[in-house]
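Me: I'm new to reading protein models. Can we talk through the terms for this one, step by step?

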Protein chains: 2
Amino acid sequence: MPQTTEAKQKLREICRVAARVFYEKGYDGASMQDIAEAVGLTKAGLYHHVRSKDRLLFEIMNYGMDILDEAVLQKVKDIADPREKLRQSIIGHIDLIVRARDMEITVILHENRSLRGVLRKKINARKKAYIQYLEGLISQVQEQAGGKKFISPRLAAFATLGMINWLYQWYHQEGAVKQEELTQAYLDFFFRGLLGTA
Amino acid sequence: MPQTTEAKQKLREICRVAARVFYEKGYDGASMQDIAEAVGLTKAGLYHHVRSKDRLLFEIMNYGMDILDEAVLQKVKDIADPREKLRQSIIGHIDLIVRARDMEITVILHENRSLRGVLRKKINARKKAYIQYLEGLISQVQEQAGGKKFISPRLAAFATLGMINWLYQWYHQEGAVKQEELTQAYLDFFFRGLLGTA
């Protein structure tokens with residue numbers, strides 16, 4: 001069904017709160033009752049917005065992919081130069097991961113064992129599209145640099161995804177390494193790894 | 001208490017089976033009864049080996065760090081050359097992550113939200129020691145290469161950990177990329193990122 005802006009905002013709010021509850025209690029440990037209480041809805045009210053726990057998990061993951069699109073794809077869509085586009089994509093993706101606000105959502109996005117069937121396929125298709133976007137961009141950057149194919153675009157895409165997505169395991173914005181320093185170091189490391197020069 | 005070899009072997013078997021059950025049902029979704037059944041013990045028999053579900057999760061994570069030590073530190077301990085030692089450490093760590101046999105254990109090792117208090121501190125201390133080992137080695141490699149400090153050893157250590165530990169999200173041994181190809185590409189990418197040349 002087509003969603004109104006208001007319904008979409010409400011669903012996003014539910015997703016953010018539910019992500020926190022799942023993060024704290026585990027997907028299997030959290031009940032729809034727990035989530036309804038945390039959102040400030042009755043259980044019936046919650047079911048009005050989202051028809052099952054499975055579906056809620058899917059909506060959280062889908063929201064996670066939406067904010068990835070917003071943090072990366074939307075921001076770089078008008079950049080023509082492949083290298084600058086890749087650079088800004090990495091900057092946007094790092095920013096998303098280290099942003100404390102969305103931490104629970106990005107964590108849940110990558111623990112997708114609980115999702116099954118068609119919903120799992122939908123999320124995996126979105127993840128795959130993002131990887132293919134990175135791969136394509138990396139391939140263009142290699143060509144721009146005179147055809148330097150030190151590494152396959154696919155492996156380079158997964159290497160950078162690993163570096164970035166792993167940040168949630170160890171990086172804290174209040175720690176010794178500032179986000180700007182981290183981002184610059186990772187960008188240089190990535191481009192040296194890809195092309196031999198930063 | 002000092003463990004006999006037999007008790008240690010039994011505990012490891014319990015850890016492997018329990019990791020699979022936690023992986024399938026979630027930590028909160030799996031009961032000690034589920035785990036006892038999967039191991040082929042009575043609940044009382046299981047409690048004889050491990051005194052609580054918390055403790056069991058700790059034992060699984062501790063086992064995960066043990067096999068990391070075995071796959072990496074034990075294998076490289078007699079290598080004197082820092083660069084070769086780092087190279088072999090990366091090879092060993094990749095091998096551990098892509099080995100299907102221990103997948104559930106390595107996944108659980110990195111989802112350590114469910115562990116609390118002193119047990120969590122113990123696991124984090126082992127993880128920290130491993131990162132410091134990598135940092136130290138990376139620093140030596142930089143000095144050996146004439147003091148090329150393109151990136152801080154700490155950030156380089158986390159970058160490589162991210163690249164490697166993220167493999168469980170996407171890499172399949174039966175897929176198009178063979179382990180040898182993956183390992184070589186990642187080694188070259190890492191050393192280029194670190195030193196500008198592979």
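Me: Why are H1(B) and H2(B) called oblique to each other?
Reply: Helix H1 (residues 5-25) and helix H2 (residues 32-39) of chain B pack at about 125°, with their axes 9 Å apart. Under 35 degrees would be roughly parallel, over 145 roughly antiparallel, 65 to 115 roughly perpendicular, and the rest is oblique. The angle of about 125° fits none of the named ranges, so the pair is oblique. H1(B) also passes H2(B) in a right-handed crossing.

Me: Which residues make that contact?
Reply: Contact means heavy atoms within 4.5 Å. From H1(B) they include Ile14(B), Val17(B) and Phe22(B), and from H2(B) they include Ile35(B) and Val39(B). The contact residues split into eight nonpolar, no polar and three charged.

Me: Hang on, what sort of model is this, and how are residues numbered?
Reply: It's a predicted model, where local features need pLDDT of at least 70 and side-chain atom pairs count only at 80 or more, while totals for chains, interfaces and linings use all residues. Residues count from 1 along each chain as written, chains are lettered from A and ligands numbered from 1 in written order, and side-chain values use heavy atoms, without hydrogens or water.

Me: What makes the two copies related as by a two-fold rotation axis?
Reply: Chain A lands on chain B with an RMSD of 0.0 Å after a turn of 180° and a shift of 0.0 Å along the axis. The copies are thus related as by a two-fold rotation axis. In chain A, Gly193(A) has the C-alpha nearest the axis, 2.0 Å from it.

Me: How much of chain A is buried?
Reply: Of its 198 residues, 52% count as buried, meaning under 20% relative accessible area with a 1.4 Å probe, protein chains only.

Notes. Copies are superposed by least squares on the C-alpha atoms of residues with pLDDT of at least 70 in both. Axes are lines fitted to C-alpha atoms, for helices over the stretch in contact, and angles run from 0 to 180 degrees between N-to-C directions. Helices (H or I, at least four residues) and strands (E, at least two) are DSSP runs, numbered from the N terminus. A crossing is left-handed if the near helix is turned anticlockwise from the far one by less than a right angle, and right-handed if clockwise. Ala, Val, Leu, Ile, Met, Phe, Trp, Tyr, Cys and Pro count as nonpolar, Asp, Glu, Lys and Arg as charged, and the others, Gly among them, as polar. Buried means under 20% relative accessible area, exposed over 50%, partly exposed in between (1.4 Å probe, protein chains only).
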